[in-house]
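Dear colleague,

I am passing on the structure that we spoke about, and below it you will find some notes. Please read them with the structure open beside you.

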Amino acid sequence: MRASKLALATLMAIGCLNMVHAADAPKIELRASDVWDDDYPTVRALRNMGELLSQRTNGRITLKVFSGGALGSEKETIEQVKGGTLDMVRVNISAMNNTCPITIVPALPFLFRSVDHMHKALDGAPGEEILRSCEPQGYVGLAYYDSGARSIYAKKPVRSLADTKGMKIRVQPSDMWVSVANAMGANATPLAFGEVYTALKTGLTDAAENNIPSYEGTKHYEVVKYYSKTEHSMAPEVVMFSAKKWATLSKADQALIREAAKSSVTQNRKYWSDREAQSLAKVTAAGSVIVSDVDKKSFADAMAPVYAKFVTTDQAKALVKAIQDFKEAPAAAPAKK
Ligand code: GTR
């Protein structure tokens, strides 16, 4: 009896100490940026991460999400994160390619065999290594969000490599992406995301490439009608934290932030699959043509120069191999009767 009273008193004392500590710990008001609108799966997931952080710290750590590109383009905001004037950013991983070259790996054409392969490789050791490799450049990688597969959309159908010859294709501002378009025989037009609608409308570019939710969410489907399923890349979205700010946080807070980011991934995957279906329904109802009979092999076979040019370091080679060799977990055996 005496012993259990003592144990209870000790527990209460520890609880009080924790409360004092939590009350003493400074409030942390984090800011994050995303170019997408409030209802896009990435922004919803960031909000989800913020709610988790507030809940788990009784409101001590909060996260304000600036959506719709309010703080600038992807290029501008990743620079702010590096400088420490912004805490966090969600961008497509391709936006990081020139700054932290190892991020080229998951954006490489025809690397992932399926969405499941992509999830398992990114959830596993290769994904973790890439997230942790950008610290010298000023970024702590926290999580990947879904972005499906990217395909080409244009004013005409694209059924094989012959159709992209001479086509002006908008790509993300990344040397690797310029090389991908050139390997397709196209003329690469690197542009910031926000400039693509006008570029398609004015004919500065004939085509662009992206997933269906982006084709729909940007209203590009109003300008170009043919979405051809080349599915040439599954470059994921990524959440990057400022290494400068990170260094000022306690180990416990760093762990809380990492965990909240990881937890938001599950929500994001659900938001993503819902949005893919909704976007597909919306663009087809508006008259877009989804071209499925694409000779993907003709594109995949043309990508050797991209790998030769960008997979050059031992680390990049080892990661590509690890991802290619990555074994998806075998399907669960049927339960014995
Ligand atoms: C989208 C992505 C954006 C942006 C865009 C692009 O899929 O969600 O963050 O990177 O692609 O092509 O610029």
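From which domains does the shell around the ligand draw at least three residues each? They are domain 1 (27-147 + 235-279) and domain 2 (150-234 + 288-325), with bounds that come from an automatic or database domain assignment.

Please keep in mind that this is a predicted model, in which local features need pLDDT of at least 70, side-chain atom pairs count only at pLDDT 80 or more, and totals for chains, interfaces and linings use all residues. Residues are numbered from 1 along each chain as its sequence is written, and side-chain values use heavy atoms, with hydrogens and water left out.

The ligand is surrounded by 14 residues (each with a heavy atom within 4 Å of it), and the closest are Glu74, Arg150, Arg170, Asn210 and Glu237. Polar side-chain atoms of two residues, Arg150 at 2.9 Å and Asn210 at 2.8 Å, lie at these distances from an oxygen atom of the ligand, while for Asn211 the distance is 3.3 Å. Taken alone, the ligand exposes 310 Å², of which the protein buries 99% (accessible areas by the Shrake-Rupley method with a 1.4 Å probe).

Elsewhere, Cys100 is joined to Cys134 by a disulfide, with 2.1 Å from S to S, where a disulfide is a pair of cysteine sulfur atoms within 2.5 Å. The torsion about the S-S bond of Cys100 and Cys134 is about -85 degrees, so this disulfide is left-handed.

With best wishes

Key
Polar contact = N/O pair within 3.5 Å; in protein donor to acceptor, adjacent residues only side chain to side chain.
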